[in-house]
Every structure is written in structure tokens, then in C-alpha cells.
Amino acid sequence: MQAGLSWETVLRKRDAFRHAFVGFDPVKVSRFTSKDVDRLMKDESIIRNRAKVEAAVGNAKALLVLRKEFGTFDTYVWKFDDKDVLSKDLKKRGFRFVGPTIVESFMQAVGIRNDHERGCYRRAELARARTVTPAR
């Protein structure tokens with residue numbers, strides 16, 4: 001939902017998204033029908049972009065297929081260290097709104113990438129933490 005919007009906008013609507021997308025349970029979201037999409041398009045508490053709402057449903061379905069192949073999304077995603085390669089692979093698997101910028105932000109957020117400047121204290125903290133708890 002963040003694509004093209006500020007994080008502040010998305011984060012202010014976090015609780016509404018959690019409710020609208022049933023706790024982000026991919027099994028439940030994958031069962032959404034066109035009636036559910038129509039209902040969400042009337043929900044003023046979330047970002048009402050039909051392409052993004054439909055992508056969320058499609059991505060939940062794609063996630064379930066991916067889980068069957070790899071066991072967990074975690075196992076799958078930690079095989080990548082390049083945003084472009086991960087983005088292309090996700091798209092090939094049917095995911096939408098997973099361009100390189102979104103994927104890079106995700107990789108940074110979960111610790112796959114540490115893009116802090118070499119002199120940044122946070123880079124050193126993350127590098128130390130990674131030696132204690134290595135990447136999968």
C-alpha cells in the first residue's frame with residue numbers, strides 16, 4: 001500500500017489495515033472475493049486503491065504457493081541479497097507491487113541488507129548483531 005505514498009500516511013492507517021485484512025492472515029485474505037474488494041473500496045479508513053487491494057489478495061494467494069515450495073517466506077527470501085533479483089523473482093511468482101524500491105526497503109527492514117554508511121554507528125551495531133544472530 002505504501003507505493004507512491006508517504007510512510008506516515010500508511011502508518012496512520014495501520015490499525016484499519018490490520019482490521020480490513022483480517023490480521024494480515026494470508027489464508028483468510030487469499031479467500032477474499034470481488035465482493036470483499038468492493039467492500040474494502042468503500043472503507044474510508046484504508047487506502048482505497050483498487051489495484052493495490054486486488055494485489056494484496058493476489059499476493060496472499062502467491063504467498064501460499066510460495067510456502068508450499070519453500071516451507072516459509074523466511075526460508076525463501078533469505079536466499080536473496082540483490083533487490084532486483086528478488087523483485088523479478090517475486091513478480092515471476094505472481095506478486096504485484098514488488099518493484100526494486102519496495103523490495104529494497106523490505107530487505108533493509110528485515111536485516112537482509114545493511115545500507116548504512118560505513119561510519120554510521122548503526123551499521124556497526126547491525127553488523128555486530130548479525131555475527132551473534134547470523135542471517136539465515
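In this predicted model, the largest nonpolar core comprises 15 residues, of which Phe21, Val29, Phe32, Leu40, Ile46 and Val53 touch the most other members. The helices α2, α4 (residues 34–41) and α5 each give two or more residues to this core. The surroundings of one of these residues can be described in detail: when residues up to four places away in sequence are not counted, Val29 is in contact with Phe21, Val22, Ala56, Val57 and Ala60. Apart from this set there is a second, separate core, which consists of 14 residues and has Val77, Phe95, Val103 and Ile112 among its members.

Aromatic side chains were examined next. The structure contains six aromatic pairs. One of them joins Phe73 to Tyr76 in a tilted arrangement, with 5.9 Å from centre to centre and 45 degrees between the ring planes. Because Phe73 and Tyr76 lie three residues apart in helix α6, which spans residues 73–77, about one helical turn separates them. The two partners can also be described by their accessibility: Phe73, at 25% relative accessibility, counts as partly exposed because the buried class is reserved for values under 20%, whereas Tyr76, with a relative accessible area of 1%, is buried. Tyr76 also forms an aromatic pair with Phe80, and this pair is edge-to-face, the ring centres being 5.1 Å apart and the planes 65 degrees from each other. In this second pair, both Tyr76 and Phe80 are buried. Ring pairs further link Phe70, Phe73, Tyr76, Phe80 and Phe106 into a cluster, so that the two pairs described above belong to a set of rings that also includes Phe70 and Phe106.

The open space in the model was considered last. The largest pocket encloses about 1300 Å³, and its lining is made up of 32 residues, with Met1, Phe24, Asn59, Phe97 and Ile102 lying nearest the pocket centre. Two or more lining residues come from each of α1 (residues 7–12), α2 (residues 14–20), α3 (residues 26–30), α5 (residues 50–70), α7 (residues 83–92) and α8 (residues 100–110). Helices α2 and α5 thus appear in this list and also among the elements that give two or more residues to the largest nonpolar core. By residue class, the lining of the largest pocket divides into 25 nonpolar residues, three polar residues and four charged residues.

Note on methods:
Residues are numbered from 1 along each chain as its sequence is written. This is a predicted model: local features need pLDDT of at least 70, side-chain atom pairs count only at pLDDT 80 or more; totals for chains, interfaces and linings use all residues. Side-chain values use heavy atoms; hydrogens and water are left out. On a 1 Å grid over the protein atoms alone, a cavity is a set of points where a 1.4 Å probe fits but cannot get out, and a pocket is an open set with protein on both sides within 12 Å along at least five of seven lines; lining residues have an atom within 4 Å of a point. Grid points are joined across faces, edges and corners, and a volume is the space filled by probe spheres set on the points. Helices (H or I, at least four residues) and strands (E, at least two) are DSSP runs, numbered from the N terminus. Ala, Val, Leu, Ile, Met, Phe, Trp, Tyr, Cys and Pro count as nonpolar, Asp, Glu, Lys and Arg as charged, and the others, Gly among them, as polar. A nonpolar core is a set of buried Ala, Val, Leu, Ile, Met, Phe, Trp, Tyr and Cys residues joined through side-chain atoms within 4.5 Å. Buried means under 20% relative accessible area, exposed over 50%, partly exposed in between (1.4 Å probe, protein chains only). Contact means heavy atoms within 4.5 Å. Rings of Phe, Tyr and Trp (its six-membered ring) pair if their centres lie within 6.5 Å; planes under 30 degrees apart count as stacked, over 60 as edge-to-face and the rest as tilted.
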